[in-house]
Amino acid sequence: MPVPKSEFEELPPCDFYTPAELLEDDQMYTVYEIARLLQGLEPEAEIEPETEDVLLDWAIPWVMTNADDLVVAEPRSDDEPGYYGLKE
């Protein structure tokens, strides 16, 4: 159900990091690590699986929206995710 804006103390703009602001030039990241970075966490931060699921809901569209600025690397093994990094 919608909630009136007046119920919130603060309404900052809905801005997201650009890939260049979020990722290091010489590093590749999993979508899980990107999800943490988008929330201001360290890429290796331990989080609850339920929290990670919610963060992935933000990270996957971010990757898709910024695909033109990213490169992708296939998983190195069957039990590893793919990696994303900045396009040069």
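This is a quick look at the nonpolar core, a surface patch and the salt bridges in a predicted model.

Let's start inside. The largest nonpolar core has 15 residues, and those with the most contacts within it include Leu22, Ile34, Leu38, Trp62 and Val63. Two of the helices that feed this core are helix 2 (31–38) and helix 3 (49–65), each giving at least two residues. Take Leu22 as an example: skipping its neighbours within four places in sequence, Leu22 touches Tyr17, Ile34, Leu37, Leu38 and Trp62.

Now for the outside. Val3, Phe8 and Leu11 make a nonpolar surface patch of about 300 Å². Phe8 sits in the segment before helix 1 (19–22). Phe8 has a relative accessibility of 47%, so Phe8 counts as partly exposed.

On to the charged pairs. Searching the whole structure turns up two salt bridges, and here they are with their N to O distances:

| Salt bridge | N to O distance |
|---|---|
| Glu52 and Arg36 | 2.8 Å |
| Arg76 and Glu80 | 2.7 Å |

The bridge between Glu52 and Arg36 ties distant parts of the chain together, with Glu52 in helix 3 and Arg36 in helix 2, 16 residues apart. Are these two partners buried or exposed? Glu52 is buried, because its relative accessible area is 18%, and Arg36 is buried too, at 9%.

The pair of Arg76 and Glu80 has a mixed setting: Arg76 is exposed, with a relative accessible area of 67%, whereas Glu80 is buried at 19%. That 19% falls under the 20% cut-off, so Glu80 counts as buried.

How values were computed. Residues numbered from 1 in each chain as written. Predicted model: local features only at pLDDT ≥ 70, side-chain atom pairs only at ≥ 80, totals over all residues. Heavy atoms only, no water. Core = buried A, V, L, I, M, F, W, Y, C linked by side-chain atoms within 4.5 Å. Buried < 20%, exposed > 50% of the residue type's maximum accessible area, 1.4 Å probe, protein only. Helix = DSSP H or I, 4+ residues; strand = E, 2+ residues; numbered from the N terminus. Contact = heavy atoms within 4.5 Å. Patch = residues over 30% accessible without salt bridge, like charges linked within 9 Å, V, L, I, M, F, W, Y side chains within 5 Å. Areas by Shrake-Rupley, 256 points an atom, 1.4 Å probe, with all protein chains shown as cover. Salt bridge = Lys/Arg side-chain N within 4 Å of Asp/Glu carboxyl O.
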